Every structure is written in C-alpha cells, then in structure tokens.
Amino acid sequence: MSSLLSKVKYFITEDEEGIGVVEVILILLVLVGLVIIFKDQIVSLAKSIFSNISGQVGSI
C-alpha cells in the first residue's frame, strides 16, 4: 500500500511530463466542441466575409 502511495505522490509532485499533453488534449476537445456547436454560425460568417471581399475587389 505504501508503494502505491509513494507512486501517486511521485506522480503528483515530480512527474509532470504528461501534464502538458493532457492540457493540450483538453484544449483541443473544447475547441472541437465549440466548432461543432457553432458550425452554422461560423460557415455563415465566413460566407459573408468572402462575399464582401469579392464584392469590394471590383472597386479597387
């Protein structure tokens, strides 16, 4: 039991290699979730931006 406790204590205090990977994965999951939730709004915003750009190209 004490070896398990020492391994957990080592993981929490000393072994921080995996923490960065877990943080990156969590951030990516949140971003993917936001993209899935707001997909329609993102697509309509991109279409309106590109239509404005293409409409203003002729005036330059």
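**Exercise 1. The surface patch**

Helix H2 (residues 17-37) gives the most to the nonpolar patch, with eight residues. Work out which residues form this patch on the surface and how much accessible area they have together.

*Solution.*
1. Note the kind of model: this one is predicted.
2. List the members. They are Val24, Ile27, Leu28, Val30, Leu31, Leu34, Val35, Ile37, Phe38 and Ile42.
3. Take their accessible area together: about 930 Å².

**Exercise 2. One patch member**

Place isoleucine 42 in its helix, then decide whether it is buried, partly exposed or exposed.

*Solution.*
1. Locate the residue. Isoleucine 42 lies in helix H3, which spans residues 39-57.
2. Read its relative accessible area: 42%.
3. Apply the cut-offs. Buried needs under 20%, exposed needs over 50%.
4. Conclude. The value of 42% falls in between, so isoleucine 42 is partly exposed.

**Exercise 3. The whole chain**

Describe the fold elements of the protein chain, their order, and the chain's burial and accessible surface.

*Solution.*
1. Count the elements: three helices, zero strands.
2. Order them from the N terminus: α-α-α.
3. Check burial. Of the 60 residues, 0% are buried.
4. Add the surface. The accessible area is about 5700 Å², and carbon and sulfur atoms hold 72% of it.

**Exercise 4. Confidence**

Find which helix has the lowest confidence and which the highest.

*Solution.*
1. Start with the chain. Its mean pLDDT is 83, and 78% of its residues reach 70 or more.
2. Find the low end: helix H1 (residues 2-13), at a mean of 70.
3. Find the high end: H3, at 92.

Notes:
Residues are numbered from 1 along each chain as its sequence is written. This is a predicted model: local features need pLDDT of at least 70, side-chain atom pairs count only at pLDDT 80 or more; totals for chains, interfaces and linings use all residues. Side-chain values use heavy atoms; hydrogens and water are left out. Helices (H or I, at least four residues) and strands (E, at least two) are DSSP runs, numbered from the N terminus. Buried means under 20% relative accessible area, exposed over 50%, partly exposed in between (1.4 Å probe, protein chains only). Accessible areas come from the Shrake-Rupley method with a 1.4 Å probe; for residues, only the protein chains shown count as cover. Patches are made of residues with over 30% relative accessible area and no salt bridge: like charges are joined within 9 Å, nonpolar side chains (Val, Leu, Ile, Met, Phe, Trp, Tyr) within 5 Å. A salt bridge is a side-chain nitrogen of Lys or Arg within 4 Å of a carboxyl oxygen of Asp or Glu. pLDDT is the predictor's confidence in each residue, from 0 to 100.
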